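Colleague: Could you take me through one part of this model up close, the main nonpolar core and what sits around it?

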Amino acid sequence: MADRQYELIYILPPETTEQQATELHEQVAAIVSRLNGTIEKTENWGRRKLAYEIGAYKEGVYVLEVINGGGDLMKEIDRRFKVMDQVFRHMIVRVDEEKKVVERTRTKRQTESERRRVKRGLPPQRQPGEGRSQDGDDNDDDRYDGVEV
């Protein structure tokens, strides 16, 4: 089975120290390496307000991990997180399918654009200085007149 890419997001209690979060990450890394997966990225988003109160908590420490591996790896992480008291919410999402759809759509649009340009007698790729400028300058935008309401 080919490796798939997953995003694992988990929420820790707000009083969790940086060392405790690192220890939990090391536990996840040990599981991932044992089941032949890789951790592509880890981001500690820090302490944030929860969308709704969970137990007595109104805030939590959010951590995102991007993991490449198989379904059995994610089942094992899910099983472990369900019994951990330190993690009070977690979510695993497979993201490689979404990336494939986005890439397929991008290439389809690109080939259509190139086909239309060739049909009009233009080179397939846009040349520098051709079309609208991409510098983000919106001086020509008259929808907003600068008046506060």
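Modeller: The accessible surface of the protein chain comes to about 11200 Å², with 48% of that belonging to carbon and sulfur atoms (Shrake-Rupley method, 1.4 Å probe; for residues, only the protein chains shown count as cover). Mind that this is a predicted model: local features need pLDDT of at least 70, side-chain atom pairs count only at pLDDT 80 or more, and totals for chains, interfaces and linings use all residues. Residues are numbered from 1 along each chain as its sequence is written, and side-chain values use heavy atoms, with hydrogens and water left out.

Along the sequence the pattern reads β-α-β-β-α-β-α (DSSP runs: helices are H or I, at least four residues; strands are E, at least two; numbered from the N terminus). Of the 149 residues in the protein chain, 27% are buried, meaning under 20% relative accessible area with a 1.4 Å probe, protein chains only.

Now your core. The largest nonpolar one has 18 residues, and Tyr 10, Leu 12, Ile 67, Ile 77 and Phe 81 have the most contacts inside it. By definition, such a core is a set of buried Ala, Val, Leu, Ile, Met, Phe, Trp, Tyr and Cys residues joined through side-chain atoms within 4.5 Å. Two or more residues each come from β1 (4–12), α1 (18–34), β3 (57–69) and α2 (71–83), and α1 gives the most, with five. Take Phe 81: leaving aside neighbours within four places in sequence, Phe 81 is in contact with Leu 8, Tyr 10, Leu 24, Val 28, Val 87 and His 90 (contact: heavy atoms within 4.5 Å). Apart from this core lies another, of seven residues, including Ile 11, Ile 54, Tyr 62 and Leu 64.

Technical notes:
Buried means under 20% relative accessible area, exposed over 50%, partly exposed in between (1.4 Å probe, protein chains only).
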